[in-house]
Amino acid sequence: MAEIRTEELLMNIGPQHPSTHGVLRVVVKVDGEIIRDAEPVVGYLHRGTEKLAEDLQYTQIIPYTDRMDYLGSMLNNHAIVNAVEKAMDLEVPERAEHLRVIVVELNRIASHLVFLGTYLLDLGAMSPFLYAFANREKIIDLFNRICGARLTFNYMRVGGVKWDAPEGWVQDVLDFVTHLRKEMNMFHELVTGNEIFLERVKGVGIYDADTALNYALSGINLRSTGFNWDLRKNKPYSIYDRFDFNVITGKNGDCYDRYMCHLDEIVESMKIVEQAAQQIPDGPVMGKVPKILRVPAGEYYAAVEGARGELGLYIVSEGKDKPYRIKWRRPSFVNLQILPKLLEGQSMSNLIAVLGAVDIVLGEVDA
Amino acid sequence: MSEETKAPEATKAAAPQAAEETPEPVDPRIESATAKLELLKGKITAQFGADVIEEAFLAKFQPSFVIKNESWPAVVEYLKVTDELSFVYPEAMAGTDHMAKGYCEVYLYVHSFVLDMDVALKVRTPRDEAAIPSVAHIFSGVNWEEREIFDLVGIKFPGHPDMRRIMLEDHWQGHPLRKDYVVMD
């Protein structure tokens, strides 16, 4: 038999491709069906937020953060106000802290629901997407009522939040949590036990905790290896130390564990939302803050647990009303680095399964 | 006995004058941060000599070191591989252009699970021909961060496996986060 002629092919995935969740390009070298090398090319959505922020006052930066991880805008808001408050030693009223925790955790749920929907869509299942988005829509409606926006909320301010919850809002949050609890069973019935799904994700894209740490992974990408690390517990900020919830970890560090971590984290976030909504006191939603915010000269690093991992801000201040330098530690950007390592030697059909489980948002990768 | 009971009154009365003699209770956060700073300072000095640390200070409870440029990878690697230190988790990296002070600076924020603490490591380079030895071979997670710093701040990292721009196009002129960068209209 004559020898089959083989050669390596260079393939472009993206930048316009529905499965890359935005404008990501992956240059893949394939040998038949096997990926020999994969190189993510980023920057298509780079807006220079860090440069823009140098000419803005701290309050003016907040709406820009909405546009980074646009699936977790509340978390981005929280990251910046938390960093500035820590640097300035500002007090936040109790009611504002509770409202923050409620919206942040709701946003985490919404973000994980998008992951659930789009990940299954990537793998070829259409219907979970619709169920996930129907539930996410309810959260978006709650946000719409509290801040008037559905995606770019611009809700938090240094020292508190911009608007108090409207009449009956907190009760509606509690009702939503009760509703979502029932829906979670449906998701598990719909997806988790599906054999085709399991075939595609179990044992795919494995790495261990040491690798994850070396690649500076955070969030679910780190926890799926079994490594227990959640900033809400390990470096408590805001009022997270008051709530009773568990840190979800995986075991094998494969795509299946990352999927399960997302679902289980929704349950934990619901616990936090519920406790915060039950304990929320009356009172003001804005603390006493100077009219013009001036962060004392020096440098600061503070991070929150974003939906995708450690969302940190490094602020260099000269004591003026604008930052001298502000740098976002963006979890999506850092997490994406491991992709070439995960894809090497995989079959081509696993590319989207692996990429989807890393759960990136391109607005955050490129900033 | 009577002296003892009198004592509090006496100190109260003398408080304005005695302010210097009885210092305010030290913030426990500063105390523990200072202890951590001294511990690391001692370790690094014992390994490399005193002159690799250009500055050691607390940036609001955060132990911070400015490391000599040439010794940068050696110190970072030492902090990572030494068992009792184990700064294995690179949380954040950033580059800053301090134009008025005449240097560029890279900031690396690493965490140790063994000591349960963070340390801020910094390294400086002149603004012209700015270069800092790469630590991408020590932490795979800073590979892209170094590329981003090169792209936006214009610091080269000799030893980096793939020193290209990451955000901007390859033909871009200048580095936007330099303070003297002129923004196109």
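In this predicted model, Lys233(A) lies over the face of Phe245(A), 4.3 Å from the ring centre. A similar arrangement links the two chains: the charged end of Lys179(B) sits over the ring of Tyr324(A), at 4.0 Å from its centre. These two places introduce the aromatic side chains, which serve here as a guide to the rest of the model.

Over all chains, the structure holds 16 aromatic pairs. One of them is formed by Tyr301(A) and Tyr109(B), with 4.3 Å from centre to centre and 45° between the planes. This pair is classed as tilted, because its angle is neither under 30 degrees, which would be stacked, nor over 60, which would be edge-to-face. Where do the two rings of Tyr301(A) and Tyr109(B) lie? Tyr301(A) belongs to strand E6 of chain A, residues 298–305, and Tyr109(B) to strand E4 of chain B, residues 103–112, so the pair joins two chains. Both Tyr301(A) and Tyr109(B) are buried.

Another pair consists of Phe333(A) and Trp144(B), whose ring centres are 5.5 Å apart; the planes stand at 50°, so this pair is tilted. Phe333(A) is part of helix H12 of chain A (residues 331–336) and Trp144(B) is part of helix H5 of chain B (residues 143–153), so this pair, too, joins two chains. Is Phe333(A) buried or exposed? Its relative accessibility is 1%, so Phe333(A) counts as buried. Trp144(B) has a relative accessibility of 7% and therefore also counts as buried. Aromatic residues of both chains also gather in one cluster, made of Phe227(A), Trp229(A), Tyr89(B) and Phe113(B).

The next step is to look at the whole interface. How many residues of chain B are in contact with chain A? There are 43 of them, and they touch 38 residues of chain A. The size of an interface is often given as the accessible area lost when the parts come together. Here chain B and chain A bury about 3,400 Å² between them, and 55% of that area is on carbon and sulfur atoms. Within the share of chain B, Tyr89(B), Trp144(B) and Met167(B) supply 22% of the area buried against chain A, more than any other three residues. Two of these names have appeared before: Trp144(B) in the pair with Phe333(A), and Tyr89(B) in the aromatic cluster.

Chain B can now be taken by itself. It has five helices and five strands, and along the sequence they follow the pattern α-α-α-β-β-α-β-β-β-α. Of the 185 residues in chain B, 48% are buried. The chain exposes about 9,500 Å², of which carbon and sulfur atoms supply 55%. Among the contacts between residues at least 6 apart in sequence, 54% join residues at least 24 apart.

Thr125(B) gives a view of the inside of this chain. The residue is placed in strand E5, residues 117–126, and counts as buried because its relative accessibility is 3%. The side chain of Thr125(B) reaches the backbone nitrogen of Ala131(B) at 3.0 Å. Not counting residues up to four places away in sequence, Thr125(B) touches Asn69(B), Tyr103(B), Cys104(B), Ala130(B), Ala131(B), Ile132(B) and Ile155(B).

Chain A offers a buried residue of another kind. Glu105(A) is placed in helix H4, residues 94–122, and is buried because its relative accessible area is 0%. The side chains of Glu105(A) and Arg108(A) are joined by a polar contact of 3.0 Å. Leaving aside neighbours within four places in sequence, Glu105(A) is in contact with Arg232(A), Tyr240(A), Ser269(A), Ile272(A) and Val273(A). The C-alpha atoms of Glu105(A) and Lys271(A) are separated by 9.4 Å, although these residues are 166 apart along the chain.

Last come two details of the backbone. Most residues other than glycine have a negative phi. Asn154(A) has a positive value, near 50°, and is found in the loop between helix H5 (127–147) and strand E4 (156–157) of chain A. Its relative accessible area is 22%, so Asn154(A) is partly exposed. Phe61(B) likewise has a positive phi, near 70°. This residue is in the loop between strand E1 (53–58) and strand E2 (63–67) of chain B. With a relative accessibility of 29%, Phe61(B) counts as partly exposed.

Technical notes. Residues numbered from 1 in each chain as written. Chains lettered and ligands numbered in written order. Predicted model: local features only at pLDDT ≥ 70, side-chain atom pairs only at ≥ 80, totals over all residues. Heavy atoms only, no water. Helix = DSSP H or I, 4+ residues; strand = E, 2+ residues; numbered from the N terminus. Buried < 20%, exposed > 50% of the residue type's maximum accessible area, 1.4 Å probe, protein only. Contact = heavy atoms within 4.5 Å. Areas by Shrake-Rupley, 256 points an atom, 1.4 Å probe, with all protein chains shown as cover. Polar contact = N/O pair within 3.5 Å; in protein donor to acceptor, adjacent residues only side chain to side chain. Phe/Tyr/Trp six-rings, centres within 6.5 Å; stacked < 30°, edge-to-face > 60°. Lys NZ or Arg CZ within 6 Å of the ring centre and 35° of its normal. Buried area = accessible area lost by both parts, 1.4 Å probe.
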